Each structure stands twice: as C-alpha cells, then as structure tokens.
Amino acid sequence: MPVHLVWLTVAFPLLGFLVNGALAFARPNARRAVSVAGVGSLVASFVVSLGIFLTVRSAHIVEPEIVKLWAWLPVDRFHIDIAFQVDPLAAVMLLVVTGVGSLIHLFSVGYMQEDAGYARYFAYLNLFIVFMLVLVLGSSLPVLFIGWEGVGLCSYLLIGFWFSDTANASAGKKAFLMNRIGDFGVLIAMFQLWTTLGTLEFVGIAREAPRLLQPGGTAVTLITLFLFLGCTGKSAQIPLYTWLPDAMAGPTPVSALIHAATMVTAGVYLVARTNVLFAMAPATSTLIAGVGALTALFAASIGLRQYDIKKVLAYSTVSQLGYMFVGVGTGVFVSGLFHLVTHAFFKALLFLGAGSVIHAMHHAYHASHSHDDAQDMRNMGGLRSYLPKTWVLMWIATLAIAGVPPFSGFFSKDEILTAAFVRGADNPWYYLFYAMGLAAAFATAFYMARLMVMTFHGENRSGAAAREHLHEPGAIMTGPLIVLGVLSALGGILNVPAALGGHHALAGWLRPVFAPSAGYLQVEELRGSTEYLLIAAAVLAGVAGLVLGYRATLNSRLLPAREALPDTGFARVLANKYYVDEAYDRVIVRPVVGFSRSVLWRFFDQGLVDGLLVNGSARLFRGVGWLGSQLQTGQVGFYVLFFAVGAVWILHVLLG
Amino acid sequence: MEQFFSPILAAIGYNRWILHVLLILPLVGAIGILVAPGSWARWFTLVVAGLEFFLALGLWFAFDPSNGGIQFESQVDWIRGWGVSYHIGIDGISLFMVLLATGMMPLLVWGSWHSIQVRRRGYYALLLALKSAMIGVFISLDLFLFYCFWELLLIPMYFLIGVWGSSNRLYAATKFVLYTFSGSLLMLVAIVAMVWTVGRATGTYSFSYDHLLANRDALAGQAPWLFTAFALAFAVKVPIFPFHTWLPDAHVEAPTAGSVDLAVILLKMGTYGFLRFAIPLFPAFALSPAVSAVFVVLAVTGILYAALVSMVQPDLKKLVAYSSVSHLGFVMLGIWGSTVQSVQGAIMVMIAHGVSTGCLFFLIGMLYDRRHTRLIADYGGIARVAPILTTAFVITAFASIGLPGLNGFIGEFLVLLGSYARFPVAVGIATIVIVFAAAYLLWAVQRVFFSPLVHEANRTLRDVDLRELAVLVPLVGSMIWMGVYPNPFLRRTEAASRRYIEMVSPHLPPLAHEAGVIRQEAAR
Amino acid sequence: MLLGPSLALSAILFSLGVAGVLLRRNAIVLFMCIELMLNAVNLTFVALSRLYGAGGYVMVFFVMTVAAAEAAVGLAIILAIFRHEQSVDLENINLLRG
C-alpha cells in the first residue's frame, strides 16, 4: 500500500463516527447498522495500517515520509501543515491502535448490546480512534496536540457515558481537567521550542536540536520538563494520576481501549517521538525515571487493597505506565515502547476479561433483581467454573503482567529493569529506581494473584439466586479475548534479547527513530553473568508475588461486600488510596473555588470594583448633585437676588 | 470559487458600492419597519438581514488577500471646513468584523423570532439601526465619522437592554451607557486635540485617519495623554480588567439578541480600536516597555481573574460574560505581543470568540425561552430530554475552551505562541487558564446537562426545533470549519497583520528568537 | 442738557424695579416691576442716543418688541398658574425646588 494513503486509516474511523453520530440522533436503535459502521471502519483502518506497515518494512523506510494533507496554520514564518509522518515508530503505533482497537470494538458489540446509547457509544469510540491516530501520525507537535486533546475529549465523553449519574459525569470532568494541567505543559514546551528552534516539526526538532541546544542546558531541560508535565497528565503519573482510577466509571471496553492500551500510553509515545530532546536533558531523564519508579511502586501498593476489580486494574495500569517511564527515562526508549506494546496486549486482555466477568455478574444480578455491586470482587469468587475461558485467558494475562517467562510482560519489564540497573553505574539514583521497580514487580504479581483468587477461585459469594444466571458471554466477546490471549502470551517474541538467544527485532526496527539521540546516550555492555542474575531476580520477584498473593488470599476469610468488615490500620489507608484525592480536594480545589467565590468575586469584583469604584463614583456624583440642588429653593425671589448680587459683582469687577 | 465569483462581482461594480450599501441598508430597513404595519416587522427584518448578509458575502470573494492596505475605499467631503469627510474602507482586520456583524444578522432575527413578544416594531428597527452603527464603526477611516458611529451605537443598545431586558434592565442599561460614554468622551477630546496638533504642524486640519497616521510624529510630544484617552475609551469597551463590571450586568439583563450582539461585535470594537487607532497612532509610547508592561499585566490578570470568577457564577449568562472578559484578555495579550503570529492570533480570537460566545448566548437564550431561568441550579440532566441542544452546547463549550480542531484553539495558540518570545512569563501564566476555562465550562455543562434530572419542570423540556436548528447549524459548522481549515481566514488577515507590524515595528525591540531563526537561515 | 437728570431718573426707576422684584410676592406686581426695569433701560437708551447717534432708538424698539412678547407669554403663564393654583402668590409656587 502506498504510504501516501495513510490518511485512509484516519478517514475510515472518521466516516464511522459521522455515520454513527448521525444514527445516534436519527435511528438510535439501528444496532446492526451501527455495528457494521463502527467495527467495519476500524477493521478497514487496520487493514490499511497493515498495508502501511508492510510497505515500511519492504521499502526500508528509514527517513520519515511526510504526507501533507493541507496547510493548517500558515502564519508568516510559522507554518504548520496537517501532515502525517510515516516511519517505523508510527507504523508500530498504527498497528497497536487499530489492531487492539478493532478487537475492543468487536468486544463492545457484545458488551454494549443492550445499552440505549449504543450508537452514541460507537460514535465516540470511532472518534477516539480518529484522534488517537492523529496523535501517533502527526508530523509536528501541534498536529500531535490535536490528537492529544482530542483523545482527552473522547475520554471525557466516554467516562461520562452514563451521564445521568453525577459521579460518572464528575469523573469525566476530572479526567479532562487533570489532562489539561498536563496540556499546559505541552503548550509551554511548544512555545519554548518554537522560540529556540524555530520549528515544531519532529523532523525539524531532530535536525535543529543538536545544532541549537546545549546538551544538559537550561533551555532543553525546561522544554523536556514541560513536555513531561504533559506526559504525567495524559499517562497518569504522579502527581496527576488520580483521574485514571476514577475513569473506570466508563464502560469497561473503554477502560480497556483508552485507559489501558492506547491513550494513556501517549505520554510514553511523546517522549519517544521527541527522544532527542530527552537524551539531551539528563536531569529531566533522571526525574522521569524517578517519577516513573515512584508511580509504579505507589500505585501498585494501592492496588493491593482495592476491591473493585476495575480499580485494581486501573492502579495496575498507572503502575505499569510508571515502568514505561522508567524505561524512557533511562534512555532505553525501545524498552519503554516494547512495554507499551506488550502492556497494550495484556492489559486490554485483563480489562476485557474483567468486562466479561462484570457482564456476567451484572446479568446475574439483574436477573435476580439484586442491587449488589457487580464489580466488587468480594461478591465474586469461584467464577472459574462459570467462566472457564475467561479464567484461562486472564491467567495468561496475569502471568504476562507478573513477568513470568515466557509470557510477553517478562521480556519487556525485564529489559527496563536491567537498563535501570546498568544506568546505576554512572548515576546511583538508578539503583534506587531499580529497587523500586523490583518491589513494584513483586507487588504487581501479588495483587494480580489476589485479583484472580478473589474473582475465580474459592467459594462463590454472589448469592444463590444470582449464581444460577452466571454464564460466559458469547463468541463475539470471547473471540477478541482469545486473540489478545495469544498476543499476550507470545508478544515477547517481538524483542527477545541477545542473552536469551534473540536479536532485538523491535529495537532493530525502531533504530532509525532513535538515531538522533544515540550520540547522547552511552550504552554500557553487561557481562553475561550479571544479566542472567538480573533476569533471575525479576522472575523471582514475580513468581514470589504470585505464590504469596495466591496463598494469602486463598487463606483469608472472604465475605461478600455487604457483610465485609471495614479495613483497619494501613490497609485502610491503602483502600482509601492514601487519601490523595481528599488532600487535592482540600488543598487545591476547595481553596481555589472558595477564593474565587468570596475574595475575587464577592469582595473584589462585586464589592471593590463594582460597588466602591463604579457605583461609588455614581453615588459620589449623585451626592454632589444633591448638594448643588439645594441652591434651587424654587422661590423666584432668591433667584433674582442671586442674579442681582451677581450682576453687581460683575459690574464691580469690570468697572472697578 | 474565487475565480468564478470575482468576474461577476467586478462586472456589477461591487467594490464601488458595497460598503455604502451595507452601511445604509439596515438604516433604511429600520425606517421601513417603522412605517410598515407591525405584523410585517419580523419578516421584513429577516428579508433585510438576509439581503445584507447575502451582499456582504461578496466581500469574502472580492477581498484581495495579498493586499494589506485599505480596500473598497471611497471618500466624499462631508464638513469641509472642519476637515471631516465620509471616508470608508476595509482591510483584513475590519473585513471579518464586517462579515461577523452581517453574518450574525439573520441569526439574530431567527433567534428573536418568538422570544420578543412586545413592541416588535421598535425592537427590530433598533436591531437594524444597531447594525448600521456597528458596520460604520468598522469601516470608518475618518475619526470624526468613527466617533459618530461609536456613540450612535449606544442609543439602540440602550433601548434594547432597557426596554426588552429582564428584571434589572434599567440599572444595566444606564450603567452600560454611562460607563462606555465616560470612556469615549475622553477619546473625543483626544481626537480634537490630535487634529489640532497635527493641523498646526502641517497646516492641514483634517480628521482623516491617513493624514493623522502619516503625521503621527507631530503627536509624539503629547502621546502619553492622547494614548491614555484613547486607551481608556477602548479599554472600557473591550473590556479590560478592571473596567469590566458593566459587561456581566449588560449581558445578563439584555435580551438574547442584545447579548449576542454585545459579545459578537461590541466587545471587538475596543480591541479593533487598539489595533486601528490607539497603537498605530502612538506606537512609540504604546509599545514602550512600561506601557506594554501595564497592558500585558492587565491582560493576563484579566484572563485568569475572569476565568476564576466565571467558575463560581450561579447564573449561566454571567458565567459566559466573565468568560468573554477572559477571552478578550487573550486578544489584548496578542496585540501587545506584536508579532505577526500574535496579531493574527488576536484577530482569530476575535472572530472565534464572536462565533462561539454568540452561539453560547443563543443556546442560553433557548434554555431561557423554555424554562425562564438562567440559574444553573434550576437545570440538570437536560441531555436526556434535549440531546441536540446538549450536543450543540457541548461542542460550543469545547470550542470556547480551546480544543484543537475547533475555532477557539487557533487564535489562542497563535496569540500565546507569538507573544511568548516577548513575554515568556506572562504567556506562561496566561496559559494556565486552559485549565480554568475547562473547569468553568465543563462544570457548568455537567450541572446543566448531565447529572440526574431532578427538576420536574425539566422533564418536559423540548429539544430544538427547526428554526433554532437553523441558528445553531451555521454557527457550529463554522466553529469546526475555522478549527480544521482556518487557512482562508488566516490568508485574508495575514497581509493586514504584516502591514500593522511594519507600521509599529520601528518602535519594537528585536526578538531574541527572530535573531536566532535568521542566523539559522543564513547558516543553511 | 437734560442728560444728568434723565440718567438719574432711569437709575431710580431701575432700582425701584429691582426692589420690587426682590420684595414683592405677587406675580403680577413682579411682572410690572420687570417692565419698569425694561423701561428704565429704554430711558437710558433714549437719553444716550442724543450723544451717540440713532442706534439707541433702534435698540429701544427691540426692547419694546421683546417686552411685548414677554408680556404675552408671561401673562399667559401667570394665567395658567392662577387657573391651577387659584393664586398668583410666588410663596406657593416652587416647582423648581431641587
């Protein structure tokens, strides 16, 4: 497929969005038409993406191909086109987005079948893909930014999809606002880049940055810090991660697509895309790795005590994104991206698996007229006999995320940890990051085992009435799960390290993308024995976590949510997410709103400016006028007297 | 398209008569309404408005984008003894103001169709007279003429607010007139002083803009107070923080069409005045570091302050009114940013703000027509009963927030990008507003349209009808058009912006990055 | 000639007029006092035109015309006030009080 047809990948979902959007108003119940338009457009897009990928592969495209569509912001010397950039990185992202996207669209057909907003749902989902593709294909920062904010918009719409519930609508708003804090960073970074480099195109940045920027200098550090602020928003890193767990208010396939596989990884993609800047800013890189490691550990620890199955996965996502940032912060951009890809597979699988569990639970509770929480793991248990396929597939994903060889997560996570350890040789901070990453790996395995046990093993706690209605969903939902299961299991093949007999296929593929930064990063070779030792440590952490988590959960006395006792001690702090949301609310949100209301509006605007100055001056003039009017007695005699006295006085002045 | 239309327009001598017709037609229409039977008023206005808009559309094609100077110019002596002439013309800056004013006309009539029940004749006559004055402001190239239109505009607006407004209308109308009038009287003094000073220096006493501009050096000595007088008049109209408190009252009390006209056109007159008169006439003083600092600080303060105040408004119209103050702050920042990008950005913000805030006021008017309340707390869950209204509101809200791909982003982005080289810290602070802008609008959207439907009265709220759809579709469509393909707009404003920069550039300090870029281009 | 006595008489008449306007309360009397002042001025004009030419006489005609017009309007107003108030006492008429 010729590369210049890359716009088709965007055009198909856009068409799907338009059709579904129109149907949402005109014929909201035309489910078949909606499904065809919604899923068909994505599959078409995937086919085109595959074609593009194969072209890039066979034609050995190394220099990015720019496909210009139209001039967007031509203003004097500043000139931005709506243009797409096709290179190996974009090709990989295309496949991930449209591939995983297609599977999740397909899953949604089953999952959302009975929802009244079916057409609206697919319209939003298609629009999301449009913006996500603009994000990964954009040839310049402003075009990327269209996608960047656009996916935020779709995320907002889909989190608040069931908007009649205030909590859902609030969660959507919260996500958008926190993302906007990050977007502020991206904007400032763009302004600074334009001011110093005179270009915002990725090709231009890669060309000009080494010439015009001082490695490690203030300018590049500032730019990368602001870019990273954007990443913390979009990719839910400390301190802006709190929106992602709340984002679980949206439908579960949305959580899989947007809040696990694609959108939240945009931050990692952005760092990879502008890798030359980050390679030139070692201070920022250290910060990124530190924030990533801290987030990985922090979020994993919260995940240990969550009961909502989606919340566990949400914190897991935050934690895994932390790993990716450790990767890109360490300078191994390929490993970060590799983890991005494998994470897209296994986390999408986990979410869709959770979706199939919730679907089953929801139906069971609905059929038995129960109002229990269909997402609370305390109400599950023993589901493996009712949902056997889901059970097997979710175990595959669990092994993958825990880093058990030979599943995909093992390869990607191990590479990141190894690289962090190696980097420790010249920057000891990285040893700490490595240790945090290892601890997080243990915690990850632990909470995943806990999730699996609470959901699928032990006794069923759903209640006798509901139990009869539990059953596995149809093939339209299990089909995508199976494909993702295969990918999660085998995804590691993409980039098997030399130490394990591979040849870093993904690294080779992406080498041209990271060529500009290669000069700024020294690569240290590891002795074979150390590498094997590190692999062993990572695997050990994962396996130990799984085993301990499995046993601890199985042995604990689990009760349905209704009967469960509240947590105490540190467990309660964890269950309440370290009270970060509450702290943000008390320290930032409420003071700002309160200050705006009582000081800025009531005191300053209404009281001082409008009351004292504006109406005050009006009152002042009225007062002076009143004083003057006292001279008007209405008695003609007074007027004449004044007149006469005045006339005499004037005569006196003139003549005297 | 242009190749097709240009010859036709040339054949009918369009360039010679169009501005006169645009100026006179609404006034003639207003008189026509007064003599025609009352039941004709709406249709008659619609026909006049439609005709006006149709005629104005030709400007889009007849305008020469490569020419940064004045086009469609014509001049006739008016009061020869005083050096006053009827001198009109437009350039890339005023083109869009005229198009905005005329383009809104049919929508305003459609939008008021059922909302105005009393004294229709007077209402529509004033609406048309207001248009003439607005167009006059933007096409005048003689300061006397400009001042006449500037003040003329207050009269219809006063009555529109004072007669057809809501409960506290008299207070709002009086405040509006006195506030803006006290500002503009200073401008009158400055205009007369300016003509006199230039007249003494050159021997020609003339109110002509070109004449004054060409001899602006003679004004340098008195620039501080002359500029201050102009700036005060324009600052009130913009309105720049802290001269903004008339705006929320006027917006809240005005009928829908009045609010729309205020937002779309009246607020732009202030910023237009800065771009056309205040800065080009006194560039050395206006762009000196001290004065720049004052205006940039006021602009940035206004941007943030208005956004924060907007966030806590219980009244939808007040919320949007304060958001206007915030948006106009961007225009001021862009004007003082003084690069081609920032000035074009400022013009784009002016256009975009007109379209999206105008649309927001239309939407609020539609809600008001149904429920007779503007309080956010009286709504909730509207999305369930009125999906089309909700969709339009959400799109417009996101346009106003500055979502890329919609119109608001283009202007704000260019303003910030262009001003960054000159005022990095101010731009950094101003950019934070993207968070607050999202906060106030999305919070309002959530409380009005999402959440449970708690008020019984809202359960039967009907969705938009065809007439209202006819108002919304062009507005929402142009938001998307301007966001996705702003090229036609940018192309038509570019030459004028560049000419403006050339006009003021001798008085600007060079930019650090321009030096960098030039060095870089030389190296290549 | 008679210039001195004429001017003296005019001054006395004028002062009488002023005093009347200031002191009397009846609108008709007040009105007559104003007429008195006007005619005092007329006398001055006539007396001085012996010295300065015919301009003074012309002026007198102007004054008389104005006085006639004023009498017409003024008396009409007073009549209207009387119909309304049943009195022409200025103590009671203070519509212009601020």
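Is A:Arg527 buried or exposed, and what count of C-beta neighbours inside 10 Å decides it? Select A:Arg527 and see. The residue has 8 such neighbours, so A:Arg527 counts as exposed. Keep in mind throughout that the model is predicted.

**Stop 1: A:Arg527 and its surroundings**

Stay on A:Arg527. This arginine is found in the loop that links α21 (505–518) to α22 (528–555) of chain A. Now add A:Arg619 to the selection. The two residues are 92 apart along the chain. Draw a distance between their C-alpha atoms: the separation is 86 Å.

**Stop 2: A:Trp429**

Go to helix α18 of chain A, residues 429–456, and select A:Trp429, which is found in this helix. Here the count is 15 other C-beta atoms within 10 Å, so A:Trp429 is partly exposed. A residue needs 20 or more to be buried.

Which residues does A:Trp429 contact, leaving aside its neighbours within four places in sequence? Select A:Thr286 and A:Gly290; these are the contacts of A:Trp429. Next, select A:Leu287. Its C-alpha atom is 9.8 Å from that of A:Trp429. Along the chain, A:Leu287 and A:Trp429 are 142 residues apart.

**Stop 3: the hairpin of chain A**

Select residues 65–75 and 78–86 of chain A. These are strands β1 and β2, and they run antiparallel. How many bridges join β1(A) to β2(A)? The number is nine. For one cross-strand position, pick A:Lys68 and look across at A:Ala83 in β2(A), which stands opposite.

Now move to the turn. Two residues lie between the strands of this hairpin. Select A:Asp76, placed in the loop between β1 and β2 of chain A. Its phi is near 55°, a positive value in a residue other than glycine. A:Asp76 is partly exposed, because 16 other C-beta atoms lie within 10 Å.

**Stop 4: a second positive phi**

Select A:His369. This residue sits in the loop between α15 (333–367) and α16 of chain A. A:His369 is not a glycine, yet its phi is positive, at about 55°. With 8 other C-beta atoms within 10 Å, A:His369 is exposed.

**Stop 5: two cis peptide bonds**

Start with A:Ile238 and A:Pro239. The peptide bond from A:Ile238 to A:Pro239 is cis, and its omega is near 5°. A:Pro239 is found in the loop between α8 (218–234) and α9 (243–246) of chain A.

Then jump to A:Pro405 and A:Pro406. A cis peptide bond joins this pair too, with omega about 5°. Look for A:Pro406 in the loop between α16 (388–402) and α17 (408–423) of chain A.

**Stop 6: chain B as a whole**

Hide chain A and show chain B in cartoon. Its secondary structure comes to 24 helices and two strands. Taken along the principal axes, the C-alpha atoms fill a box of roughly 70 × 60 × 50 Å.

What radius of gyration would a compact globule of 524 residues have? The value would be near 24 Å; chain B has 22 Å, which agrees. Colour by burial next: 60% of the 524 residues of chain B count as buried. Consider also the contacts in chain B between residues at least 6 apart in sequence. Of these, 80% join residues at least 24 apart.

**Stop 7: a helix pair in chain B**

Select residues 2–11 and 41–62 of chain B, helices α1 and α3. They pack at an angle of about 115°, and their axes are 9 Å apart. The crossing of α1(B) and α3(B) is left-handed.

Show side chains at the contact. From α1(B), take B:Glu2, B:Phe5, B:Ser6 and B:Leu9. From α3(B), they meet B:Gly58, B:Phe61 and B:Ala62. By class, the contact residues are four nonpolar, two polar and one charged.

**Stop 8: between the chains**

Show chains A, B and C together. Two pairs of chains are in contact, and chains A and B share the most contacts. Turn to the contact of chain C with chain A: nine residues come from chain C and eleven residues from chain A. On the chain C side, six are nonpolar, two polar and one charged.

Last, select chain B and chain C. No contact joins them. Their closest C-alpha atoms lie 22 Å apart.

Conventions:
Residues are numbered from 1 along each chain as its sequence is written. Chains are lettered from A and ligands numbered from 1 in the order in which they are written. Axes are lines fitted to C-alpha atoms, for helices over the stretch in contact, and angles run from 0 to 180 degrees between N-to-C directions. Helices (H or I, at least four residues) and strands (E, at least two) are DSSP runs, numbered from the N terminus. A crossing is left-handed if the near helix is turned anticlockwise from the far one by less than a right angle, and right-handed if clockwise. Two residues are in contact if their C-beta atoms, placed from the backbone, lie within 7 Å. Ala, Val, Leu, Ile, Met, Phe, Trp, Tyr, Cys and Pro count as nonpolar, Asp, Glu, Lys and Arg as charged, and the others, Gly among them, as polar. The radius of gyration is taken over C-alpha atoms; the globule rule is 2.2 Å times the number of residues to the power 0.38. A residue is buried if 20 or more other C-beta atoms lie within 10 Å of its own, exposed if 12 or fewer, and partly exposed in between; C-beta atoms are placed from the backbone. Two strands pair if DSSP finds at least two bridges between them.
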